[in-house]
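Good morning, and thank you for making time on the agenda. I would like to take the group through one protein model, from its overall architecture to a single group of side chains.

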Amino acid sequence: VGFAGGAIFTSLSTIYSGIDLKYQNFGFYHAAWGLGGMTSPILVTLVLNLNRNYHELYLVHIVVLGLFLYLLIKEKSLKNQKYSSFKFSQIVSVAKYPIVILGIISASLYACTEVGSFTWSLNMSVDGYGVTQKMGGYILSSFWLLFTLGRIIADPLAHKVGPIKLTTICS
């Protein structure tokens with residue numbers, strides 16, 4: 001699932017970056033991850049509140065995945081454009097560029113913050129403050145709500161003040 005999710009995200013990001021600039025809004029595009037992060041804990045909490053087996057959520061996942069595949073196959077505006085191949089040995093030469101190094105550092109810090117924060121917030125809520133697991137799901141969804149709002153708001157702000165200035169301000 002992790003490999004496939006990473007490959008799908010990369011492929012769709014490549015397609016998205018190739019569309020006309022006036023239609024690109026990466027903040028909104030990346031906010032979809034936050035939507036998943038918000039809805040997942042709420043769905044699990046709902047299933048627990050209904051005294052249902054959480055394994056039933058896998059059925060929901062299969063249905064949504066099936067819908068995704070159907071829409072992907074039916075979508076005629078997407079083209080399976082092939083790009084020049086990138087050799088694995090070129091990674092070192094590409095990684096020497098400062099923008100690539102900054103991107104790697106930024107993505108790593110982002111992932112650490114995202115995963116660490118939501119794991120910590122849920123564990124601290126349940127173990128440290130005695131919050132029920134059900135309430136912890138709502139707390140986790142609140143975290144994702146704020147993360148998603150940050151993603152949505154960042155794109156227009158980056159267009160207004162510039163991405164470097166916004167990155168500096170938010171750092």
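I shall begin with the global description and then turn to the core.

Please keep in mind throughout that this is a predicted model. The protein contains 7 helices and 0 strands, and its pattern along the sequence therefore reads α-α-α-α-α-α-α, with helices and strands taken as DSSP runs. Along the principal axes, the C-alpha trace spans about 50 × 40 × 35 Å.

Of the 171 residues in the protein, 17% are buried. The exposed surface amounts to about 13300 Å², and carbon and sulfur atoms supply 71% of that area. As for charge, there are 12 positive and 6 negative charges, and their mean positions lie 9 Å apart. Turning to contacts, if we take those between residues at least 6 apart in sequence, 58% join residues at least 24 apart.

Let me now move to the interior. Which residues make up the largest nonpolar core? There are 5 of them: Met-38, Leu-140, Phe-143, Trp-144 and Phe-147. Helix 6, covering residues 133-161, contributes the largest share of this core, namely 4 residues.

The aromatic members deserve a closer look. The structure holds 3 aromatic pairs. In one of them, Phe-143 and Trp-144 meet edge-to-face, with 6.0 Å from centre to centre and 80° between the planes. Why is the pair of Trp-144 and Phe-147 classed as edge-to-face? Their ring centres are 5.8 Å apart and their planes stand at 65°; planes over 60 degrees apart count as edge-to-face, so this pair qualifies. Trp-144 and Phe-147 are 3 residues apart in helix 6, about one turn of the helix. Together, Phe-143, Trp-144 and Phe-147 form one aromatic cluster.

How accessible are these rings? Trp-144 is buried, at a relative accessible area of 6%. Phe-147 has 18% relative accessibility and also counts as buried, because the cut-off is under 20%. Beyond its neighbours within four places in sequence, Phe-147 is in contact with Tyr-110 and Glu-114.

Finally, a polar neighbour on the same helix. Ser-141 lies in helix 6. Is Ser-141 buried or exposed? Its relative accessible area is 5%, so Ser-141 is buried. Leaving aside neighbours within four places in sequence, Ser-141 is in contact with Met-38, Pro-41 and Ile-42. Met-38 is also one of the residues of the largest nonpolar core.

How values were computed. Residues are numbered from 1 along each chain as its sequence is written. This is a predicted model: local features need pLDDT of at least 70, side-chain atom pairs count only at pLDDT 80 or more; totals for chains, interfaces and linings use all residues. Side-chain values use heavy atoms; hydrogens and water are left out. Helices (H or I, at least four residues) and strands (E, at least two) are DSSP runs, numbered from the N terminus. Buried means under 20% relative accessible area, exposed over 50%, partly exposed in between (1.4 Å probe, protein chains only). Contact means heavy atoms within 4.5 Å. Accessible areas come from the Shrake-Rupley method with a 1.4 Å probe; for residues, only the protein chains shown count as cover. Lys and Arg count as positive and Asp and Glu as negative; His and the chain ends are not counted. The place of a charge is taken as NZ of Lys, CZ of Arg, CG of Asp or CD of Glu. A nonpolar core is a set of buried Ala, Val, Leu, Ile, Met, Phe, Trp, Tyr and Cys residues joined through side-chain atoms within 4.5 Å. Rings of Phe, Tyr and Trp (its six-membered ring) pair if their centres lie within 6.5 Å; planes under 30 degrees apart count as stacked, over 60 as edge-to-face and the rest as tilted.
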